[in-house]
Amino acid sequence: MRLQDRVAVVTGAAGGIGKAIAKRLASEGAIVLVADLTEEPREGGGRTVEEIRADGGRAEFIACDVSQEADIEAAVARAVALGGRIDIMVNNAAIGTDTPLLETSVADFDRVLAVNARGVFLGCRAAIARMVTQDPLDPAGEVRGRVVNISSQHGMIRAPNDIAYGVGKAAVVYMTRQIAADYAPDGIVCNAVAPGKVLTGKTGRAIDPEMLAYSHSRTPWPRLGRPGDVANAVLFLASDECSYITGENLMVDGGWMAG
Ligand SMILES: NC(=O)c1ccc[n+]([C@@H]2O[C@H](COP(=O)([O-])OP(=O)(O)OC[C@H]3O[C@@H](n4cnc5c(N)ncnc54)[C@H](O)[C@@H]3O)[C@@H](O)[C@H]2O)c1
């Protein structure tokens, strides 16, 4: 139980990678607040909170649009009401447009950035505002809270056919570094995890044969990613095992960015 009684918020945790993260943190003893627009996983299957509870874990759902300041503030306040503090903030929710520059409208660009960049800004701000006021719980007495932002390899290299998504992810990588440096003196650990191609069970463009062939061609590891690969990395960065590591963008990509 690496996170016994720690309080975590995971955005976009109704399905996909966020669901795996929420379940992994809960399996280590964390009280998890699932913050999403919906409780229904995009890929189908059970609700995150119900699955965590069925496994003996603790979780609650809150309806939350991460692009809305009031929603994020309410989510953090709910987490604090549940467990008296917020130890872990995972900013995972994201969207895309599936369009290149010339086919991306201003409205599309703004809509994506409102979630992928502003949503992460709001999540970090709301969580850290509370974290800096609470006592450290780690054995060394150093860390008041941990933030894990979900970025992407497509925040560092081009996102095929999705300029707004890539711009948002680049912002996440940048914010992670800035926040890590600015709030290190306050005992805040802030890192990112950059998944490569992860199969979540989603249909549509996510498993378009051309996209899958492209992902395989870019991924040295013989398989594509599983949500659990990302969840394990998040668990490490959210645990007491991670303190002197901060401002890092950890690739979980089967070697995509190495090759
Ligand atoms: N799956 C991949 O291959 C991959 C690769 C690189 C990075 N990522 C990143 O991993 C994270 C999760 O990806 P996924 O594939 O599981 O995505 P997904 O689309 O399957 O799930 C995203 C979740 O976020 C929620 N969401 C969307 N907009 C929201 C909003 N405004 N407020 C709150 N919740 C909102 C959705 O309801 C959904 O439950 C994202 O940040 C994504 O960019 C995924």
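## Ligand contacts

In this predicted model, the side chain of lysine 169 places an N or O atom 2.8 Å from an oxygen atom of the ligand. Two backbone contacts accompany the lysine 169 contact. At valine 198, a backbone N or O atom is 2.8 Å from a ligand oxygen atom, and at valine 66 a backbone N or O atom is 3.0 Å from a ligand nitrogen atom. The ligand on its own exposes 830 Å², of which the protein buries 92%.

## The shell around the ligand

The ligand is surrounded by 28 residues, and those that come nearest are Ile17, Asp36, Arg42, Asn92 and Tyr165. By class, the shell consists of 13 nonpolar, 9 polar and 6 charged residues. Two helices, α1 (16–27) and α5 (163–183), each contribute at least two residues to this shell.

## Strand β1 and its pairing with β2

Strand β1 covers residues 7–11, and 5 of its 5 residues are buried. In a regular strand, side chains alternate between the two faces of the sheet. In β1, Val7, Val9 and Thr11 lie on one side and Ala8 and Val10 on the other, and both faces are covered.

β1 pairs with strand β2 (residues 31–36) in the parallel sense, through 5 bridges. Within this pairing, threonine 11 has alanine 35 of β2 as its bridge partner. Between the two strands the chain passes through α1, and the resulting β-α-β crossover is right-handed. Helix α1 is also one of the elements that supply at least two residues to the ligand shell.

## Strand β4 between β1 and β5

β1 also runs parallel to strand β4 (residues 88–91), joined to it by 3 bridges. Valine 9 has methionine 89 as its bridge partner in β4, and alanine 8 stands opposite isoleucine 88. Both faces of β4 are covered: Ile88 and Val90 are buried on one side, Met89 and Asn91 on the other.

β4 pairs in parallel with strand β5 (residues 145–150) as well, over 4 bridges. Here valine 90 stands opposite valine 148 of β5. With helix α4 (residues 106–131), β4 and β5 form a β-α-β unit that is right-handed.

## Methionine 89

Methionine 89 belongs to strand β4. Its relative accessible area is 1%, and because the limit for a buried residue is under 20%, methionine 89 counts as buried. The C-alpha atom of methionine 89 is 6.4 Å from that of alanine 127, although the two residues are 38 positions apart in sequence.

## Threonine 219

Threonine 219 is located in the loop between α6 (209–218) and α7 (227–238). Is this loop residue buried or exposed? Threonine 219 has a relative accessibility of 8%, so it falls in the buried class. A polar atom of the threonine 219 side chain lies 2.6 Å from the backbone oxygen of serine 215.

How values were computed: Residues numbered from 1 in each chain as written. Predicted model: local features only at pLDDT ≥ 70, side-chain atom pairs only at ≥ 80, totals over all residues. Heavy atoms only, no water. Near = heavy atom within 4 Å. Polar contact = N/O pair within 3.5 Å; in protein donor to acceptor, adjacent residues only side chain to side chain. Areas by Shrake-Rupley, 256 points an atom, 1.4 Å probe, with all protein chains shown as cover. Nonpolar A, V, L, I, M, F, W, Y, C, P; charged D, E, K, R; others polar. Buried < 20%, exposed > 50% of the residue type's maximum accessible area, 1.4 Å probe, protein only. Pairing = 2+ DSSP bridges. Right-handed = clockwise from strand over helix to strand, strands pointing away.
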